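Visitor: Hey, could you walk me through this one? I'm new to this, so plain words please.
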Amino acid sequence: MRGIRAMRAIKVWKIRSLVQHAGFIVMMYGGRFGVHLGSAIPCFACPFVPGCGGYCYLMGLQGYIGFGMSAVAAGGVGLLAALGWFALFAMLVALLGKLWCGWVCPFGLIQDWLSALRRAFGVRERTIPRNTARRLTRVKYLLLSGIVVIPPLATAGILHEDFYLPFCNICPGKSILPLFAGEARYLALNLDNRVTLGFSIALLAITGVMLVGMFFRDRFFCVFCPFLALIHLLKPITLLGLTKEPESCIGCGNCRRVCPMAIEAVYKERVSRDVQGDACLDCASCVEACPSDFALSINFSKLRLFRSSRDYVAELKGKFGR
Amino acid sequence: MNLNLNLKMNLEDKEIGIPTERTLKILKKASERAKAEVEKNLKSLAEREDYSPQFDYFMKLCGGEQTPEAIERRTGRSAARLLCIQAPIELIHAAGFHPYKIASGSQAMTSLAAHGLPALMCPMIRAVIGAVLESGPGSGTSPVTSPWILPTTCDWVAKFPEMLRSFGVENRIHWMELPHLKDGDAGQARWLEEVFGLKKFLETSGAKIGRKSLADSVRIYDDAWRALNRLAKMRREERIANVWFMLIAGSFFLDSPERWTEAALSIAPSSAPPSGPGRARVFLAGSPIFFPNFKLLHLLEDTGITVAADDLCSGERVFPGAVACKDTSEFGIISALAQRYHQGCLCPTFIDNDRRVNGILCEKRTAGLRGVVFHVLKGCHPYDLESLGIERILKERGLRFLRIETDYASEDSQNLRTRLEAYRRTFGGERDEL
């Protein structure tokens with residue numbers, strides 16, 4: 001508790017921004033100075049970026065370290081390897097939870113840059129109507145099931161072989177992130193066959209929609225990101241998370257207003273301490289903006305890492321949600 | 001005092017516009033009494049042991065002239081008069097006005113507005129009516145340049161202009177219909193409309209409210225909130241007396257926020273307070289308390305009860321502050337303000353106000369409080385009614401609860417003192433050295 005109090009002078013949003021940029025450099029350019037963190041990174045460390053510093057686990061899950069037919073075809077060893085990679089992924093998630101999304105993910109940072117650009121222009125942030133938003137939350141689970149189901153079908157020959165890596169083929173990370181390493185080829189149409197052409201047209205369309213969406217709405221892509229679904233499914237073993245003391249909440253609504261994912265549940269919760277929903281990025285903006293001394297906190301298991309306080313809000317001097 | 005007014009003192013005086021000799025006499029007498037009341041209270045403040053010249057600025061504000069004209073002279077902006085804190089002051093400020101919440105704690109003023117009004121009535125509204133009659137807002141330029149901005153909070157506010165009209169005083173009023181269910185979408189959407197309506201109204205003065213001016217105003221009031229929070233913290237640590245805190249908070253609207261902030265930041269904490277077991281550190285909740293009616297505050301202090309925190313709309317809640325806003329577009333700021341002033345408000349006029357008690361429970365932990373004194377102004381029904389539910393919850397949480405119902409009159413002082421002393425004794429321990 002004493003330590004936390006001393007930390008109050010440090011602004012969490014500044015640390016977060018620093019970590020995000022460091023994460024960006026490691027994930028995007030790590031390979032260029034000999035860093036490669038393996039194939040189980042729980043964020044968009046895109047393998048299509050030349051010289052990247054690790055591989056996104058979603059790629060592995062679809063491909064050579066997934067649980068699909070390729071693992072079965074490789075015999076027991078393949079399955080064991082798949083389990084091993086999953087265990088590593090689960091451990092990384094258990095330790096840091098959605099910090100991977102809010103604090104590390106390079107694609108998340110690009111979205112934050114676009115939001116900053118929107119703010120600089122004074123353009124109003126668009127909201128997604130509540131009913132639409134509720135329907136959209138299902139998309140990430142659909143994508144996740146596609147990631148698990150489609151590659152084995154491709155391996156088994158039921159689907160065309162180019163359905164291997166179905167998610168990567170439509171992931172805007174694949175088209176946008178390599179641009180930062182001077183690689184623009186994934187924006188071109190792939191004329192190999194009808195499947196690849198279809199995928200590349202879809203990717204271009206999705207990239208366009210996402211770029212527009214991400215400019216007008218904070219973290220627009222995260223709404224659809226299968227990582228959020230997958231990490232949320234591992235919530236029972238995740239140590240890091242957001243909790244609320246509903247009996248300390250005065251209902252000012254700051255948490256709801258600064259949330260990049262426009263989550264309302266944190267504001268509305270009146271009973272449960274568990275407010276870590278599937279859309280939460282653990283970015284801690286709500287904890288920063290909460291003027292109640294006990295209401296919100298980010299915890300690692302039983303250890304309270306950062307707790308909301310009125311004094312912290314006063315010292316923020318209006319720098320909310322950066 | 002401005003006696004050139006369009007004033008009908010009571011219903012017998014048929015000749016509106018020409019004050020009768022009797023009217024003038026009553027006015028003059030009330031005005032003198034009010035002045036004496038203020039001077040007596042200022043004098044007692046100046047004679048306190050912990051008085052220091054750093055409080056002079058705030059004493060001068062609270063004791064000085066508070067007419068719109070005086071406010072306009074002081075701030076260099078046209079005054080926009082408020083009775084509550086539901087209309088976003090940042091928005092009003094961004095339009096070039098000085099938002100100014102009129103509140104009066106003057107006993108003399110309540111008697112001035114005695115005729116033709118309900119016997120059991122909010123003394124604050126009665127005193128404000130008295131002050132309006134005394135300063136004569138029906139004359140000169142003030143009705144045009146200084147509009148009233150009135151969200152329909154309690155019935156007293158809703159009927160306030162009607163009551164003024166019964167005295168022959170017409171005012172320029174902009175109503176904001178306040179949805180009393182604040183947690184639902186319908187209410188919030190409705191209120192946002194009202195806030196945009198206010199923007200439109202303010203812009204009829206020729207001002208243009210833009211992103212830049214809004215952001216500036218939010219920053220100015222955020223600075224002020226930081227200064228207020230600093231003082232609240234000092235009070236929690238007993239480095240400033242509650243009476244001074246209330247005086248400073250109560251003077252907030254009487255000068256430009258920048259000047260007030262500067263003065264508030266320059267207040268130095270006093271030396272470390274006495275400590276030990278058995279100290280009666282309490283939370284002060286309920287109806288607002290305005291200068292010069294500091295009767296209850298003095299009585300609390302005299303009986304050895306230390307107010308370490310409050311949620312009065314004349315104290316820590318004098319303006320909401322801490323408006324978090326990530327969407328810094330014009331719409332984003334206005335909608336953030338609308339939400340902060342509506343769903344974030346803890347006024348008992350709201351039906352779904354169940355979270356109000358959470359603020360008190362938080363302070364119980366932060367400030368180590370052991371009791372709650374709930375102040376009800378006679379006639380202030382919303383607070384009166386809400387005290388029932390709050391009492392039950394707080395007692396369950398082990399806080400000693402005392403409900404004090406009083407008004408501006410000093411006759412019940414002895415009675416209150418006895419009750420407060422009995423309450424003080426329930427805390428055990430020695431009486432604090434004062």
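Guide: Sure, one term up front: buried means under 20% relative accessible area, exposed over 50%, and partly exposed in between (1.4 Å probe, protein chains only). This is a predicted model, where local features need pLDDT of at least 70, side-chain atom pairs count only at pLDDT 80 or more, and totals for chains, interfaces and linings use all residues. Residues are numbered from 1 along each chain as its sequence is written, chains are lettered from A and ligands numbered from 1 in the order written, and side-chain values use heavy atoms, leaving out hydrogens and water.

Visitor: Okay, is Leu204(A) buried or partly exposed?
Guide: Leu204(A) is partly exposed, because its relative accessibility is 36%.

Visitor: And where is Leu204(A)?
Guide: In helix 11 of chain A, residues 194–216. Helices here are DSSP runs (H or I, at least four residues), strands are E runs of at least two, and both are numbered from the N terminus.

Visitor: Switching to Asn293(B): buried or exposed?
Guide: Buried, because its relative accessible area is 10%. Asn293(B) sits in the loop between strand 5 (280–286) and helix 14 (295–302) of chain B.

Visitor: What does Asn293(B) touch?
Guide: Not counting residues up to four places away in sequence, Asn293(B) touches Gly105(B), Asp407(B) and Tyr408(B). Contact means heavy atoms within 4.5 Å.

Visitor: What about Leu284(B), which residues is that in contact with?
Guide: Leaving aside neighbours within four places in sequence, Leu284(B) has contacts including Met246(B), Ile289(B), Val373(B) and His375(B).
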